[in-house]
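I opened my notebook today to look up a few things in a protein structure. Here is what I wrote down, entry by entry.

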Amino acid sequence: MAKTYPLRILTHEELVFEGKVESLMVPGALGYLGVLSHHAPLITTLNSGQLSFKDADEKTHRYSIKGGVLEVSNNQAVLLTESIQPLQP
């Protein structure tokens, strides 16, 4: 099993996801960015686009987001976005 880390995804209205993930892919300001366990500290703005992550059970989740900010530090990630909608598998 791959190493995991805590991820929280929030909007100004709700907590969308909180749990352990193996990987995260986000639409960063300079292109798509992948985050694995023990990623270097990072704060970046996000563009609108597709966000995806694989949870600890190896299930892939896909969402459409409208901009935001991602912070990665101390082997955890927090993503704040203006809006988020699940995508069909």
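**Entry 1: a word I need first.** A residue counts as buried under 20% relative accessible area and as exposed over 50%, with partly exposed in between. I also note that this is a predicted model.

**Entry 2: Leu-87.** Is Leu-87 buried or exposed, or does it fall in between? I looked up its relative accessible area and found 34%, so Leu-87 is partly exposed. Leu-87 sits in the segment after E9. I then asked which residues Leu-87 touches, not counting those up to four places away in sequence. My list reads Gln-50, Arg-62, Tyr-63 and Ser-64. For Gln-50 I also looked up the spacing: its C-alpha atom and that of Leu-87 are separated by 8.7 Å, with their positions 37 residues apart along the chain.

**Entry 3: Pro-86.** I found Pro-86 in strand E9. Its relative accessible area is 58%, so I wrote it down as exposed. Leaving out residues up to four places away in sequence, Pro-86 touches Arg-62 and Tyr-63. I looked up Leu-51 too: it is 35 residues from Pro-86 along the chain, and their C-alpha atoms are separated by 9.4 Å.

**Entry 4: strand E6.** Arg-62 and Tyr-63 kept turning up, and I found both in strand E6, which covers residues 60-65. Which side chains of E6 point to the buried face? They are His-61, Tyr-63 and Ile-65. Thr-60, Arg-62 and Ser-64 point to the other face and are not buried, so the side chains alternate along the strand.

**Entry 5: the neighbours of E6.** How many bridges join strand E5 to E6? I noted six, with E5 spanning residues 49-55 and the two strands running antiparallel. Phe-53 stands opposite His-61 of E6. E5 and E6 make a hairpin with four residues between them. In that turn, Glu-58 has a positive phi of about 65°. Next I looked at strand E9, residues 84-86, and found three bridges joining it to E6, again antiparallel. Ile-84 in E9 is the bridge partner of Ile-65.

**Entry 6: Ser-52.** I stayed with strand E5 and picked out Ser-52. Its relative accessible area is 18%, which is why I marked Ser-52 as buried. Which residues does Ser-52 touch, not counting those up to four places away in sequence? I wrote down Ser-23, Leu-24, Met-25, His-61 and Arg-62.

**Entry 7: aromatic rings.** A pair of aromatic rings is described by the distance of the centres and the angle of the planes. I found two aromatic pairs in the structure. In one of them, the rings of Phe-17 and Phe-53 have centres 4.5 Å apart and planes at 50°, so I called the pair tilted. Phe-17 lies in strand E2 (residues 15-28) and Phe-53 in strand E5, so this pair ties together parts that are 36 residues apart in sequence. Phe-17 is buried at 15% relative accessible area, and Phe-53 is buried at 1%.

The rings of Phe-53 and Tyr-63 have centres 6.2 Å apart and planes at 10°, so that pair is stacked. Because Phe-53 is in E5 and Tyr-63 in E6, this pair ties together parts ten residues apart in sequence. Tyr-63 counts as buried too, at 13% relative accessibility. I wrote one cluster in the margin: Phe-17, Phe-53 and Tyr-63.

**Entry 8: a charged pair.** Side chains of opposite charge can pair when their charged atoms come close. How many salt bridges does the structure hold? I noted one. The side chains of Arg-8 and Glu-18 meet in it, at 3.6 Å from N to O. Arg-8 is in strand E1 (residues 5-10) and Glu-18 in strand E2, ten residues apart, so to speak a link between distant parts of the chain. Arg-8 is partly exposed at 36% relative accessible area, whereas Glu-18 counts as exposed at 53%.

**Entry 9: a nonpolar patch.** Which residues make the nonpolar surface patch of about 280 Å²? I wrote down Ile-43, Val-69 and Leu-80. I found Ile-43 in strand E4, residues 42-46. Ile-43 has 64% relative accessibility and counts as exposed.

Technical notes
Residues are numbered from 1 along each chain as its sequence is written. This is a predicted model: local features need pLDDT of at least 70, side-chain atom pairs count only at pLDDT 80 or more; totals for chains, interfaces and linings use all residues. Side-chain values use heavy atoms; hydrogens and water are left out. Buried means under 20% relative accessible area, exposed over 50%, partly exposed in between (1.4 Å probe, protein chains only). Two strands pair if DSSP finds at least two bridges between them. Rings of Phe, Tyr and Trp (its six-membered ring) pair if their centres lie within 6.5 Å; planes under 30 degrees apart count as stacked, over 60 as edge-to-face and the rest as tilted. A salt bridge is a side-chain nitrogen of Lys or Arg within 4 Å of a carboxyl oxygen of Asp or Glu. Patches are made of residues with over 30% relative accessible area and no salt bridge: like charges are joined within 9 Å, nonpolar side chains (Val, Leu, Ile, Met, Phe, Trp, Tyr) within 5 Å. Accessible areas come from the Shrake-Rupley method with a 1.4 Å probe; for residues, only the protein chains shown count as cover. Contact means heavy atoms within 4.5 Å.
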